[in-house]
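Biologist: Hey, can you walk me through this protein? I'm new to this, so plain words please.

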Amino acid sequence: MKKMTLKKFFGGICCAAMMVFAVSCAQGFDDEETFSGGVTNTQVESPTLSADSFSTVVNADGSESVKVQWPVVFGAGGYQCNVAIVDDPENPVEVYNGVVDGTSFMFPKAEDTKYLVSVLALGNKNYNNTDAAAPTNFDFSTLVPAQKIPNGADIAAFVAENLLDQDEEQAFELEAGGYYELNSVLDFGKKAVTFRGDKVNRPIVKLGYDGVIRTASSLKVKFIKFDCEEASASGVIEGSYQFFPDMESPKGEGYMNPNPIVLQECWFRQVNQCLIYSGDVAWSLADVRIMDCIVQLCNDGTKNGDAAVISGYSRKGYYKDATGASTKWRNGIRNITVKNSTLYNTKGNSKNRMVRFNGNDLSKVWDSAYGSATFENCTISQIMTNKEFANNTPNKKEYTITFNHNVCYDSWRLQKFIQGNNTKVVDKTTNAIWGVTNPVDNTDKDKYATEEEFAFVGDHTQILDLNAENGGVNFKATGALSSTVGDPRWL
């Protein structure tokens with residue numbers, strides 16, 4: 001892909017007229033009168049494009065493409081087709097440029113992306129027809145259609161008033177560069193929701209004392225910077241505190257959320273307890289993902305000794321159900337994925353962990369013991385300095401741990417996360433680890449990571465600056481191995 005100006009984008013379409021005759025002949029264009037439709041000695045018109053012109057095609061490798069098609073323009077000698085990504089309209093990125101002699105073409109489909117698609121009908125000398133005066137342009141997007149929350153609006157109030165009663169995924173979008181506050185509970189319940197900002201100019205959401213986001217369904221949080229310094233809830237994202245009897249585990253020990261909870265391309269400043277917390281209403285989460293994020297904690301363990309960055313555990317151990325009866329329960333997280341992210345704590349911590357499960361047997365909630373936890377291409381600093389990386393990881397062969405291409409600085413005891421009976425996808429030569437508060441655990445350096453002394457170019461205790469590039473931090477590592485792995489943004 002290459003960047004260009006919009007002027008150049010449109011100019012590339014019009015200059016294609018010079019090559020139309022060669023293309024028509026070389027590609028065996030049909031010169032029959034039936035194709036011309038009797039159109040001769042005419043300037044052809046570019047075809048009409050609409051939402052119905054676009055469809056998704058699944059490729060053999062599992063990736064997806066967008067297919068663009070239109071009715072034939074009689075008398076045309078082909079079509080100049082261009083596609084550019086316009087997430088940043090000032091810097092479009094070309095992804096397709098070509099002449100076709102049919103009435104369709106395809107380009108790779110990316111998630112959450114805005115495109116400008118342009119089709120120019122070309123003339124045909126056999127009929128003395130000339131190019132269309134201008135291309136047809138269409139704004140195509142793979143973003144879920146969203147309701148826009150006005151800049152500065154009360155997020156919880158807006159959602160409460162506008163959340164649609166539907167099963168299909170819906171979206172709420174914050175204004176580019178906007179500033180918002182969330183001062184109360186934002187509980188999406190059983191509604192599948194994407195809550196997003198702008199990919200290029202991300203808005204800031206400040207969580208007040210009672211600010212928290214909860215869900216019992218699919219939740220995708222994207223392209224937002226969160227200021228969590230004043231928040232008091234156990235998690236930034238939590239399981240819903242509503243009761244849904246139809247979502248109870250058939251094993252009778254809590255609720256099951258079978259849908260993904262995804263944090264993508266977000267920043268989190270001053271998280272003082274959990275980033276993701278399964279909640280006090282007995283939720284077992286099927287799929288938790290943290291992708292391309294920066295997470296900065298200020299967690300010394302004093303607010304919640306049972307917290308974890310990703311927590312499937314609650315201190316209460318029981319809850320009162322809808323009838324008021326006390327019921328024992330289990331939390332848990334079946335699948336965890338953390339990729340291309342930086343997670344760091346500005347404080348020492350001897351109480352909390354990266355991951356915490358409530359119990360080590362998923363089959364007590366789910367239909368089997370199968371599950372997985374994956375950390376790939378991550379930079380991890382001071383999580384936690386004096387406490388094991390995880391506890392109660394399901395210690396069974398059905399549970400798969402993948403841990404590769406990570407930097408671990410002053411973060412202790414991977415061996416409590418990667419249990420002996422797990423199925424392991426771990427290459428120690430791709431993981432760099434260095435101990436400061438504690439020496440590197442012997443099992444860790446024997447099996448899971450390569451010990452090397454390193455530091456970071458920037459201050460690893462710097463509080464995230466939501467208005468600075470890369471949050472004002474620099475976690476480029478200085479070691480021979482550590483400088484080649486970890487979060488790609490520092491490479």
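Modeller: Sure, one term to start with: a residue is called buried under 20% relative accessible area, exposed over 50%, and partly exposed in between. Also, this is a predicted model.

Biologist: OK, so which of those is Lys 190?
Modeller: Lys 190 has 37% relative accessibility, so it counts as partly exposed.

Biologist: And which residue does Lys 190 form a salt bridge with?
Modeller: With Asp 246, and the closest N and O atoms are 2.6 Å apart. The pair links distant parts of the chain, 56 residues apart: Lys 190 is in the loop between β12 and β13, while Asp 246 is in the loop between β18 and β19.

Biologist: Is Asp 246 buried or exposed?
Modeller: Exposed, because its relative accessibility is 59%.

Biologist: How many salt bridges does the structure hold?
Modeller: There are 23. One of them joins Glu 238 to Arg 214, with the closest N and O atoms 2.9 Å apart. Those two residues sit in strands β18 and β15, and both are buried.

Biologist: Switching topic: how many disulfides are there?
Modeller: Zero.

Biologist: Why is there no bond between Cys 293 and Cys 266?
Modeller: The closest cysteine sulfur to that of Cys 293 is in Cys 266, but at 5.2 Å it is too far for a bond. Cys 293 is also buried, at 0% relative accessibility.

Biologist: Last one: how many helices and strands are in the chain?
Modeller: Five helices and 37 strands. The chain has 491 residues, and 55% of them are buried.

Terms used: Residues numbered from 1 in each chain as written. Predicted model: local features only at pLDDT ≥ 70, side-chain atom pairs only at ≥ 80, totals over all residues. Heavy atoms only, no water. Disulfide = S-S within 2.5 Å. Buried < 20%, exposed > 50% of the residue type's maximum accessible area, 1.4 Å probe, protein only. Helix = DSSP H or I, 4+ residues; strand = E, 2+ residues; numbered from the N terminus. Salt bridge = Lys/Arg side-chain N within 4 Å of Asp/Glu carboxyl O.
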